[in-house]
Amino acid sequence: MKACCESPVEYRLLEHTADLGIEVRAADLAELFARAGAALADLLYDPAPVAETLYRVVLLDERDREILLVRWLNELIFLREVEEFLWKRVEVEIDGAFRLRAVLLGEAFEATRHVPRTGLKAATYHMLCIEPGPQNLVARVLFDV
Amino acid sequence: MRLLRSGLSREAVKPRMKDLVESLFRNVPSGVGSHRKDLRLEAKELREVLLKGASWAISQGFGLGADLDAIEAGGRIGGADPEEVSDRAVERGRNQLGTLGSGNHFVEIGYVADIYDEKAARALRLEQDAITVIIHTGSRGLGYQVCDDFIAAMLRAADKYGILLPDRQLCCAPLVSEEGERYLRAMSAAANFAFANRQVITAFVRRIFEEVLGLSPREAGLSVVYDVCHNIAKMEEHEVDGRKRRLCVHRKGATRAFPPGHPETPAAYRAVGQPVLIPGDMGRYSYVLVGTERAYKETFGSTCHGAGRVLSRAAARKAGRHRSLVRELEDRGIVVRSEGRMTLLEEMPEAYKDVARVVDVCDRAGLSKKVARLVPAGVIKG
């Protein structure tokens, strides 16, 4: 399955005393991952002024979808922190065995044009879930701030 | 967490507080993925940092040999193995030495507002109205990556050892197992990076004070009161049922509070106990305490490490949406500079419990003893 979306997307901030969490909804797993990546962008920085001039590819292979989601979001945090890469458009492809291939479109951070928001250390497994909703899939994930 | 004392009075520094905060903000990178352009280490050098901790920084000119006497474990946890730290973690740490990061990390210039224990304050050389500096940061992206790498390993280990997990974030392995031992070696390396990070920041703080105030190092008189870990597991000797035993003590949301006379309490403080540093929020106060015999007996030499939050980050954002925190704090005599408005909102004073009440509980329970209260005057946040 394949999906793509552009930040900002609709997501819900979850209440947690010490950390921050998000809840995203989507029709299938690929869209869920794409939307989670776009929601993470919106937490980390203002996606509006981000141009789509560079790309990054992320390849992951995990034993279940929850581990895959945490690994995916942590790859994105690594890209933001180490490569200073900001993404706006997220394209995700996932096969049945939890192999992910994603293409991120965005650009490098520039202090004069981009606005940082929250600093996140990592996505965590605490209270992590991917479950069926009434008409879709729901993911909830907490970030260590 | 590190506390510096100075030879400067609150009144002498007050007119230059804005300049000091501005210079700290410019010279100690803060915020998301903050990094230094002037200090990027080669991977080989970084592995030296992981082995040697604060003493590496001092060997490079960041500070004084005497600083090491006032750091937990001398600023270097034994048993650290840089080879257990992944290349990816090293990559994250290469330009993060000397940076603050975000979240609840800060550098705070304050002053000694109240002294509760004259004898201990004298031993800690804390004087009424003297300027202090708190440095609260840790192992930065390198530490998060070590955590991430080992969570993946521990998820596999939990399966291997048949450990049922109520929550995957609690994944683990027996301490005496290949996975457990490897983790302790990597975690100790990350702790050494944190000691070196605070040591480098200390050197920048000293330089900034000297430059902005036009003082010599001797006149500024910035020296380390103490540097203590806030989240760490350590092998220690404690008495259990009348028998000395070597234990792994994990302090998470807790800090070490060793008693007077303990060999790991620095010689200068051995008569009063190990200094304990408990930060509050940026609008109110922080506390200095000392460790007690009772803590050693009842809580394996541990006490609380901070106020704890009362508002979630999401709720704090909502509550502060239409407020100017910078102006509000300035009206209270506190100069604040922050990289991100969101972080400032999430860290607003009302988001935290009143640390005075938390500290009073620890004091009354005998787990640590109040020495002094520090009030903020200038803060930089991530």
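The questions and answers below concern a predicted model and go from the contact between chain B and chain A to single elements of chain B.

Visitor: How many residues does each chain give to the contact, and what area is buried between chain B and chain A?

Guide: Chain A takes part with 31 residues and chain B with 30 residues. Carbon and sulfur atoms give 54% of the area buried between the two chains. That buried area is about 2800 Å².

Visitor: Which residues of chain B lose the most area to chain A?

Guide: Three residues of chain B together account for 22% of what that side buries. They are B:Val32, B:Arg92 and B:Arg168.

Visitor: Which residue of chain A does the side chain of B:Arg92 meet in a salt bridge?

Guide: The rule finds four salt bridges across the interface of chain B and chain A. In the one formed by B:Arg92, the N to O distance is 2.9 Å. Its partner is A:Glu81.

Visitor: Which element gives the most to the side of chain B that touches chain A?

Guide: The elements giving two or more residues to that side are α5 (87-93), α7 (140-160), α11 (313-319) and α13 (341-346) of chain B. With eight residues, the one that gives the most is α7(B).

Visitor: How many charged residues has the side of chain B that touches chain A?

Guide: By class, this side has eight nonpolar and 10 polar residues. The number of charged residues is 12.

Visitor: Is strand β4 of chain B buried or exposed?

Guide: Strand β4(B) covers residues 223-227, and the cut-off for buried is under 20% relative accessible area. Five of its five residues are buried, so the strand is largely enclosed by the rest of the structure. The answer for β4(B) is therefore buried.

Visitor: Which residue in β4(B) is the bridge partner of B:Leu3?

Guide: Strand β1 (residues 2-9) of chain B is joined to β4(B) by four bridges, and the two run antiparallel. For B:Leu3, the bridge partner in β4(B) is B:Tyr226.

Visitor: Is B:Tyr161 buried, exposed or partly exposed?

Guide: B:Tyr161 lies in the loop between α7 and α8 (178-213) of chain B. Its relative accessible area is 33%, and values from 20% to 50% fall between buried and exposed. B:Tyr161 is therefore partly exposed.

Visitor: With which side chain does the side chain of B:Tyr161 make a polar contact?

Guide: Leaving aside residues up to four places away in sequence, B:Tyr161 touches B:Ala173, B:Pro174, B:Ser177, B:Glu178 and B:Glu179. The polar contact between side chains, at 2.6 Å, is with B:Glu179.

Methods. Residues numbered from 1 in each chain as written. Chains lettered and ligands numbered in written order. Predicted model: local features only at pLDDT ≥ 70, side-chain atom pairs only at ≥ 80, totals over all residues. Heavy atoms only, no water. Contact = heavy atoms within 4.5 Å. Buried area = accessible area lost by both parts, 1.4 Å probe. Nonpolar A, V, L, I, M, F, W, Y, C, P; charged D, E, K, R; others polar. Buried < 20%, exposed > 50% of the residue type's maximum accessible area, 1.4 Å probe, protein only. Pairing = 2+ DSSP bridges. Polar contact = N/O pair within 3.5 Å; in protein donor to acceptor, adjacent residues only side chain to side chain.
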